[in-house]
Amino acid sequence: MNTKIVVDSSASLYTLQGVDFECVPLKIITDDAEYLDNGTMDALGMAQTLRTYKGKTSTSCPNVSDWLAAYEGADEVYAITITGTLSGSYNAAQLAAEEYQQENPGKRVFVLDSLSTGPEQRLLAEHLRDLLAEGREFDEICEEMLRYHKHTHLLFSLESLANLARNGRVKPAVAAVARMLGIRVIGQASEAGELDVLCKTRGEHGALERIVLELKEHGYTNGRLHISHCGNPAAAERLKHMVKAVFDGAKVDISECGGLCSYYAELGGLLVGYEDAEA
């Protein structure tokens, strides 16, 4: 039985040891260049370039053919996508799943809309891998993933909202005010998979303190927590130490944002995926 985990590149996860794994890339498109988020692009360099870029930018999700190619050869597929509220990746993955199963009777595909991005998707993929290592059956794994997903969450701290505004994710006026006042936006992925602004802070230390406070309020205790940063390793390390100081036994690690997450988080941005106490 050949089993495969497939994610799109908004997970910033391009390899996953211990399992047959594939990452389907999204694209970042400008008037001057096209960036394929396949794990080899210079995500930080792109973010630095786009910081002063005045032209149009956009993103493009994988199509049905891309997902079908990723499923190829597997008897059981578990796919995890960026939130379907902000991207067509989930719909494409679902359509590909239906086509793959029709053309390959007996093969099964489970598609999970993460309702999130980045480090929360990584938590989901790692949990999937652990379930497969335990030898669980397909239906049992699907049920457990739906349960576990209710207890994973995403927080973010952003210094700039420019690219989110360009793509209609936030109002341009909000982005402009944040830029002029030097405000950092603290938010979360809502239960509906939308960007939900929780508060605005001045200064990086205040933003980090607010993240720790939000973790307390949203039920984090000492489970797994992934910090993803865009060109801001110092803040990521500070946040890691703050979390471990407040939450005894916290399992924290740090990684760099991939291409898609770097595009939306922008320079200085932090994304935090975590499990709550019931995970």
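Here are a few worked exercises on the structure above.

The model is predicted, so local features are taken at pLDDT of at least 70 and side-chain atom pairs at pLDDT 80 or more, while totals for chains, interfaces and linings use all residues. Residues are numbered from 1 along each chain as its sequence is written, and side-chain values use heavy atoms, with hydrogens and water left out.

**Exercise 1: the six-stranded sheet**

Work out the strand order of the open sheet of six strands, and find which strands stand at the edges.

Step 1. Get the elements straight: helices (H or I, at least four residues) and strands (E, at least two) are DSSP runs, numbered from the N terminus. Two strands pair if DSSP finds at least two bridges between them.

Step 2. Read off the order, which is S10-S9-S8-S13-S11-S12, with mixed pairing.

Step 3. Look at the ends. S10 (195-202) and S12 (251-256) each have a single partner strand, so one side of each is left without a neighbour in the sheet.

Step 4. Check the twist: neighbouring strands here are turned by 20° against each other on average, direction ignored. For angles like this, axes are lines fitted to C-alpha atoms (for helices, over the stretch in contact), and angles run from 0 to 180 degrees between N-to-C directions.

**Exercise 2: strand S9 and its partners**

Which strands pair with S9, and over how many bridges?

Step 1. On one side, S8 (residues 152-158) and S9 (residues 183-189) pair in the antiparallel sense over four bridges. Ser157 stands opposite Ile186, and Leu158 has Val185 as its bridge partner.

Step 2. With S10, S9 pairs in the antiparallel sense over seven bridges; Ala189 stands opposite Leu195 there. The hairpin of S9 and S10 has five residues between the strands, and Gly193 takes a positive phi near 85°.

Step 3. Now ask about burial, where buried means under 20% relative accessible area, exposed over 50%, and partly exposed in between (1.4 Å probe, protein chains only). Seven of the seven residues of S9 are buried, so S9 is largely enclosed by the rest of the structure. Ile183, Val185, Gly187 and Ala189 cover one side, with Arg184, Ile186 and Gln188 on the other.

**Exercise 3: helices on the sheet, and on each other**

Find what H4 touches in the six-stranded sheet, then describe how H4 meets H5.

Step 1. H4 lies across S8, S11 (224-229), S12 and S13 (270-275), running at about 135° to S11. H8 (residues 204-217) also packs on the sheet, touching S8, S9, S10, S11 and S13, and its direction makes about 135° with that of S10. Contact means heavy atoms within 4.5 Å.

Step 2. Two packed helices are described by the angle between their axes and the distance between the axes. The axes of H4 (residues 118-133) and H5 (residues 138-149) come within 11 Å and cross at roughly 145°.

Step 3. Name the residues. Glu120, Leu123, Leu124, His127, Leu128, Leu131 and Leu132 in H4 meet Ile141, Glu144, Met145, Tyr148 and His149 in H5.

Step 4. Sort them by class: Ala, Val, Leu, Ile, Met, Phe, Trp, Tyr, Cys and Pro count as nonpolar, Asp, Glu, Lys and Arg as charged, and the others, Gly among them, as polar. That gives eight nonpolar, two polar and two charged residues.

Step 5. For a single residue, take Gln121, which sits in H4. At 0% relative accessibility, Gln121 counts as buried. Leaving out residues up to four places away in sequence, Gln121 touches Asp8, Ser10, Ala11, Ile80, Thr81, Ile82, Ser114 and Ser116.

**Exercise 4: ring pairs**

How many aromatic pairs are there?

Step 1. Set the rule: rings of Phe, Tyr and Trp (its six-membered ring) pair if their centres lie within 6.5 Å; planes under 30 degrees apart count as stacked, over 60 as edge-to-face and the rest as tilted. The count comes to six aromatic pairs.

Step 2. Try Trp67 and Tyr71. Their ring centres are 6.1 Å apart with planes at 45°, so the pair is tilted. Both residues are buried, and ring pairs link Trp67, Tyr71 and Tyr100 into a cluster.

Step 3. Compare Tyr263 and Tyr264: centres 4.8 Å apart and planes at 70°, so this pair is edge-to-face. Tyr263 counts as buried at 1% relative accessibility, and Tyr264 counts as buried at 13%.
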